[in-house]
Amino acid sequence: MKKKTYILLLVVALCLLICLSSIGGGSSLFGGYTYENSKRYTAGGASISGRVNEMDISWIEGGVEVRHHDGDEIILEEETSGKLSRKTELHWYKDGHKLYVKYAASGSRSFKNLNKKLTVLLPENMEMDEVKISTVSADVDVQGLEGENMTFETVSGNIILNKLDADNLEIDTVSGSIRMEQARVEKLTADSTSGDMYFAFDRNPDSVTTNAVSGNVTISLPGDAGFRAELDSVSGDVNCSLPAAMDGRAYVGGNGECIIKADSVSGNLTLQGNN
């Protein structure tokens, strides 16, 4: 990896940290937890009916969990170790076919000892056009979500994705780890500063692009996958355990269909087959 790439990653991490910090309250440099159209939001958990094909969740700390259930409505629930007021309850707003979920009321500044966990229950077989989940220190745990475009962003929260089915997937973390298993994703782009990243695919993706500073990156493909992988680490180890020939600095397996570019400064890079 070139020096300018390393500098770029640090800049991206700093921008992500500043951007996501604006989600939070308390000592935020941006004057508290604020968002647009705040007067249109409703406080508290809810059962939401009607068509929803886009979802945008911003959460501060605790956790965000997305699951499916056998009902016809989207259910929003939250748990906390603290005491909630109307201002510190979750707030939601359905604008046409897009659902927004926020950690608390706009303008809130202090969320001490709340440790709130958000659970989102979606109807079975529900598919989304757009999904975005952004957190500061909240972990993200998503199971069985299907959709076209998905984005997950955290500062220090960990991200767990299981049985995800997406056309385009973007993931950004600063220090949180990423673990994705049994995925069917066409295009993956992932960036992390110090968190480890693990990606296991049930079917061969079209492309995988990852950038890391000190985190380790593991990419696990089906055993018969065709790929062309450029794995570049300054001081970390690079390993490809899949059958491959070398074409310059690229590992080429099968028909070379999946294009993989993985860069790291000091982290290890591993390309392997699913067990």
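Glu 65, Arg 67, Lys 117 and Asp 141 are joined in a network of salt bridges. The model in which this network appears is predicted. One link of the network runs between Lys 117 and Glu 65, whose closest N and O atoms are 3.4 Å apart. Because Lys 117 belongs to strand S8 and Glu 65 to strand S4 (residues 63-69), this salt bridge ties together parts of the protein that are 52 residues apart in sequence. The two partners differ in their exposure class: Lys 117 is partly exposed, since its relative accessibility is 31%, whereas Glu 65 has a relative accessible area of 18% and is therefore buried. The cut-off that matters for Glu 65 is 20%, under which a residue counts as buried.

Strand S8 covers residues 117-123 and also contains Thr 119. With a relative accessibility of 9%, Thr 119 falls under the cut-off and so counts as buried. Leaving aside residues up to four places away in sequence, Thr 119 touches Glu 65, Ile 75, Leu 76 and Glu 77. Glu 65 thus recurs in this part of the structure, as a salt-bridge partner of Lys 117 and as a contact of Thr 119. In a regular strand, side chains alternate between the two faces of the sheet.

The salt bridges extend beyond this network. The structure holds 11 salt bridges, and two further examples may be followed in detail. In one of them, the side chains of Arg 86 and Glu 89 meet with an N to O distance of 2.9 Å. Here Arg 86 is exposed because its relative accessible area is 56%, while Glu 89, at 18%, is buried. In the other, Arg 203 is bridged to Glu 186, and the closest N and O atoms are 3.1 Å apart. Arg 203 lies in the loop between strand S15 (197-201) and S16, and Glu 186 lies in strand S14, so that this pair connects parts 17 residues apart in sequence. Arg 203 has a relative accessible area of 29% and is partly exposed; Glu 186, with a relative accessibility of 22%, also counts as partly exposed.

The loop that carries Arg 203 leads to strand S16. This strand comprises residues 207-212, and because 5 of its 6 residues are buried, strand S16 is largely enclosed by the rest of the structure. Its pairing can be traced to two other strands. Strand S14 (residues 178-192) pairs with S16 in the parallel sense, over 6 bridges. Within the region of this pairing, Ala 190 stands opposite Thr 210 in S16. Strand S22 (residues 258-264) also runs parallel to S16, and 6 bridges join the two. There Ala 212 stands opposite Ser 264 in S22. Strand S14 is thus linked to S16 by backbone pairing, and its residue Glu 186 is linked by a salt bridge to the loop that precedes S16.

These local features belong to a protein with 1 helix and 23 strands. Of its 275 residues, 51% count as buried. Among contacts with a separation of 6 or more, 55% involve residues 24 or more positions apart. The exposed area of the protein is about 12800 Å², of which carbon and sulfur atoms supply 44%.

Conventions:
Residues numbered from 1 in each chain as written. Predicted model: local features only at pLDDT ≥ 70, side-chain atom pairs only at ≥ 80, totals over all residues. Heavy atoms only, no water. Helix = DSSP H or I, 4+ residues; strand = E, 2+ residues; numbered from the N terminus. Buried < 20%, exposed > 50% of the residue type's maximum accessible area, 1.4 Å probe, protein only. Contact = heavy atoms within 4.5 Å. Areas by Shrake-Rupley, 256 points an atom, 1.4 Å probe, with all protein chains shown as cover. Pairing = 2+ DSSP bridges. Salt bridge = Lys/Arg side-chain N within 4 Å of Asp/Glu carboxyl O.
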